[in-house]
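The paragraphs below go through a single protein model and are best read with the coordinates open. They begin at the chain end and then turn to the sheet, the helices and the charged side chains.

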Amino acid sequence: MISNLDQLDKQILDILVKDARVPYAEMAKKFNVSPGTIHVRVEKMRQAGVIQGTKIRLDPQKLGYDVCCFIGIILKSAKDYEVVLDKLRAFPEVVEAYYTTGNYSIFIKVMTHTIAELHRVLATKIQSIDEIQSTETLISMQNPILRDIQP
């Protein structure tokens, strides 16, 4: 974390998180500064790694991904972590992975079109990884909170 973010930086981030396409001139007018000031601030935050890029957010359901689930993975051995991650990276259905404490070594988010497809992914891909001892699957019913962190 960089501790020298001031109120203007945080306001800029707040707007960019909501819509990264907002023109600098529009932000400048809103904050009563020059567009150049906004540009300099954004570039400073990019160079510091606070802003790591911009991307669009897709609606998975509109693309036919109706099944979202989370899978807790227990490894046979802790040393298998990197090997398993490399294998999971090869599966496009695995959209997130976390190294965790507690019951699971790895916790992943998987998106599929149907329950049948989820079954195939589990049976023929994830559970066929030799280094995995066991898995537990939790199917998401809905995603009532989805937001970015606040600057």
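Gln142 is exposed, with a relative accessible area of 61%, well past the 50% cut-off that the label requires. The model is a predicted one, and in it Gln142 belongs to the segment that comes after S4. Twelve residues in sequence separate Gln142 from Asp130, and the distance between their C-alpha atoms is 32 Å.

The sheet comes next. How are its strands ordered? The order is S2-S3-S1-S4, in an open sheet of four strands with antiparallel pairing. Strand S2 (94-99) and strand S4 (132-139) are at the edges, and each has a single partner strand, so one side of each has no neighbour in the sheet. On average, neighbouring strands are turned by 20 degrees against each other, with direction ignored. In general, the strands of a sheet pair through backbone hydrogen bonds, in either a parallel or an antiparallel sense.

Strand S1 can be followed through its pairings. With S4, S1 pairs in the antiparallel sense over seven bridges; within this pairing, Leu75 has Ile132 in S4 as its bridge partner. With S3, S1 also pairs in the antiparallel sense, over seven bridges, and here Ile71 stands opposite Ile108 in S3. Is S1 enclosed or open to the outside? Seven of its nine residues are buried, so S1 is largely enclosed by the rest of the structure. Buried here means a relative accessible area under 20%.

Two helices pack on this sheet. S1 and S4, joined by seven antiparallel bridges, are both touched by helix H4 (residues 81-89), which packs on the sheet and also touches S2 and strand S3 (106-112). The direction of H4 makes about 10 degrees with that of S3. Helix H5 (residues 115-125) packs on the sheet as well, touching S1, S3 and S4. For H5, the angle with the direction of S3 is about 140 degrees.

Ahead of strand S1 in the chain is a loop, between helix H3 (35-47) and strand S1 (67-75), and Tyr65 is placed in it. At 30% relative accessibility, Tyr65 counts as partly exposed. Together with Ile56, Leu58 and Leu63, Tyr65 makes a nonpolar surface patch of about 420 Å².

The charged side chains remain. In general, side chains of opposite charge can pair when their charged atoms come close. How many salt bridges does the model contain? The count comes to twelve salt bridges, where a side-chain nitrogen of Lys or Arg has to be within 4 Å of a carboxyl oxygen of Asp or Glu.

One of them joins Arg41 to Asp9, with the closest N and O atoms 3.0 Å apart. This pair links distant parts of the chain, since Arg41 is in helix H3 and Asp9 is in helix H1, 32 residues apart. Asp9 has its place in helix H1 (residues 7-18). Is Asp9 buried or exposed? Asp9 is buried, because its relative accessible area is 0%. Leaving aside residues up to four places away in sequence, Asp9 touches Asn4, Arg41, Lys44 and Met45.

Another salt bridge lies within a helix. The side chains of Asp14 and Lys18 meet at 3.1 Å, N to O. Both residues are in helix H1, four residues apart, which is about one turn of the helix. Asp14 is partly exposed, with a relative accessible area of 24%, whereas Lys18 is exposed at 66%.

A further salt bridge is formed by the side chains of Asp19 and Arg21, at 3.4 Å from N to O. Asp19 counts as partly exposed at 29% relative accessibility, and Arg21 counts as exposed at 72%. Salt bridges with shared partners also join Asp6, Asp9, Arg41 and Lys44 into one network. Asp9 and Arg41, the pair at 3.0 Å, are thus placed in that network.

Note on methods: Residues are numbered from 1 along each chain as its sequence is written. This is a predicted model: local features need pLDDT of at least 70, side-chain atom pairs count only at pLDDT 80 or more; totals for chains, interfaces and linings use all residues. Side-chain values use heavy atoms; hydrogens and water are left out. Buried means under 20% relative accessible area, exposed over 50%, partly exposed in between (1.4 Å probe, protein chains only). Contact means heavy atoms within 4.5 Å. Patches are made of residues with over 30% relative accessible area and no salt bridge: like charges are joined within 9 Å, nonpolar side chains (Val, Leu, Ile, Met, Phe, Trp, Tyr) within 5 Å. Accessible areas come from the Shrake-Rupley method with a 1.4 Å probe; for residues, only the protein chains shown count as cover. Two strands pair if DSSP finds at least two bridges between them. Axes are lines fitted to C-alpha atoms, for helices over the stretch in contact, and angles run from 0 to 180 degrees between N-to-C directions.
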